[in-house]
Amino acid sequence: MDLPAPSLTLLYRAEIEIGAAQLLGQTPAGERRIIPITGGRFSGERLAGTILPGGADWQVVRQSAVDEIEMRVEARFTMETVDGALIYLTNSGIRRASPDQVTRMMAGESVDPATYYFRMTPRFETGAAAYAWLNGIVAVASGMRRPDRVIYDVYAVD
């Protein structure tokens with residue numbers, strides 16, 4: 001018996017505005033950074049709205065085994081839909097890039113997202129009946145870093 005192959009359906013594109021990094025320095029886990037989330041927006045066929053300020057992205061940066069700089073990310077924030085529903089999002093992921101690409105990103109340059117790896121697994125939690133379907137899906141995302149924001153497309157795994 002064949003198992004069904006997963007497919008992806010685009011849920012939305014998010015543009016998450018970020019503040020200045022809080023650099024905690026080298027810790028036993030790696031270089032720890034906390035990036036405040038200051039706002040943003042998301043838009044898709046089934047849901048759209050704003051990203052509320054107050055969340056953050058907790059990051060650990062370290063050298064990978066393949067001569068890249070690896071960043072483990074864990075962002076948590078609240079989304080508010082256009083009809084007023086609140087959705088809590090936890091987003092775990094990995095960004096791997098060459099040392100040159102990371103230097104350019106940190107200097108505020110745009111780097112082609114096709115040239116580095118940035119993938120995430122968002123998880124949703126809401127009590128809003130209209131969006132309860134989000135509580136029971138698996139999602140994946142592909143992202144890119146811009147000087148003042150992170151942009152990513154979120155897909156439902158069907």
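**Figure 1. Strands S6 and S7 pair in the antiparallel sense over 12 bridges.** The model shown in this and the following views is predicted. Within this pairing, Val73 stands opposite Gly93 in S7. The two strands form a hairpin with four residues between them. In this hairpin, Gly84 takes a positive phi near 90 degrees.

**Figure 2. Strand S6 also pairs with strands S5 and S4.** S5, residues 56–63, runs antiparallel to S6 and is joined to S6 by eight bridges. Val60 stands opposite Arg72 in S6. The pairing of S4, residues 48–51, with S6 is likewise antiparallel and extends over three bridges. Here Thr50 has Glu80 in S6 as its bridge partner.

**Figure 3. The largest nonpolar core contains 39 residues.** Tyr12, Phe77, Met79, Phe124 and Tyr152 are the residues that touch the most other members of this core. Two or more residues come from each of several elements, among them strand S1 (8–18), strand S3 (30–43), strand S6 (69–81), strand S7 (86–97) and helix H1 (99–106). Strand S8 (117–125), strand S9 (139–146) and strand S10 (149–157) are also among these elements. S6 gives the most to the core, with six residues.

**Figure 4. Tyr152 touches residues from several stretches of the chain, including Tyr12, Phe77 and Met120.** Not counting residues up to four places away in sequence, Tyr152 touches Tyr12, Arg13, Ala14 and Ile16. On the same basis, the residues that Tyr152 touches also include Phe77, Leu89, Asn91 and Met120. Ala141, Ser142 and Gly143 are touched by Tyr152 as well.

**Figure 5. Tyr12 and Phe124 form an edge-to-face aromatic pair.** The count of aromatic pairs comes to two. In the pair of Tyr12 and Phe124, the rings lie 6.4 Å apart, centre to centre, with 70 degrees between the planes. Tyr12 belongs to strand S1 and Phe124 to strand S8, so that the pair links distant parts of the chain, 112 residues apart. Both Tyr12 and Phe124 are buried. Together with Phe42, these two residues form one aromatic cluster.

**Figure 6. Arginine residues lie over aromatic rings at Trp133 and Tyr117.** Arg46 lies over the face of Trp133, at 3.8 Å from the ring centre. At the other site, the charged end of Arg96 sits over the ring of Tyr117, 4.4 Å from the ring centre.

**Figure 7. Helix H1 has buried residues on one side.** Gln101, Val102 and Met105 of H1 are buried. These residues lie on the same side of H1 because they cover an arc of only 100 degrees around the axis. The buried residues of H1 pack against S6, S7 and S9. Gly108 follows H1 and has a positive phi, near 95 degrees.

**Figure 8. Gln101 is found in helix H1.** Gln101 counts as buried because its relative accessibility is 10%, and the cut-off for a buried residue is under 20%. Not counting residues up to four places away in sequence, Gln101 touches Val111, Thr115 and Tyr116.

**Figure 9. Gly39 lies in strand S3 and is buried.** The relative accessible area of Gly39 is 4%. Gly39 and Ile18 are 21 residues apart in sequence, and their C-alpha atoms are 7.3 Å apart in space. With residues up to four places away in sequence left out, Gly39 touches Glu15, Ile16 and Glu17, as well as Ile51, Leu52 and Pro53.

**Figure 10. Strand S3 pairs in the antiparallel sense with S1 and S2.** Six bridges connect S1 and S3. Glu15 has Arg41 in S3 as its bridge partner. Strand S2, residues 22–27, pairs with S3 over five bridges. In this pairing, the bridge partner of Gly25 is Arg32 in S3. S2 and S3 form a hairpin with two residues between them.

**Figure 11. Strand S3 also runs antiparallel to S5 and S4.** The pairing of S3 with S5 extends over six bridges. Glu31 has Val61 in S5 as its bridge partner. Three bridges join S3 to S4. Arg41 stands opposite Thr50 in S4. A hairpin of four residues joins S3 to S4.

Definitions and conventions
Residues are numbered from 1 along each chain as its sequence is written. This is a predicted model: local features need pLDDT of at least 70, side-chain atom pairs count only at pLDDT 80 or more; totals for chains, interfaces and linings use all residues. Side-chain values use heavy atoms; hydrogens and water are left out. A nonpolar core is a set of buried Ala, Val, Leu, Ile, Met, Phe, Trp, Tyr and Cys residues joined through side-chain atoms within 4.5 Å. Buried means under 20% relative accessible area, exposed over 50%, partly exposed in between (1.4 Å probe, protein chains only). Contact means heavy atoms within 4.5 Å. Rings of Phe, Tyr and Trp (its six-membered ring) pair if their centres lie within 6.5 Å; planes under 30 degrees apart count as stacked, over 60 as edge-to-face and the rest as tilted. A charge sits over a ring if NZ of Lys or CZ of Arg is within 6 Å of the ring centre and within 35 degrees of the ring normal. Two strands pair if DSSP finds at least two bridges between them. The arc is that of the directions from the helix axis to the C-beta atoms.
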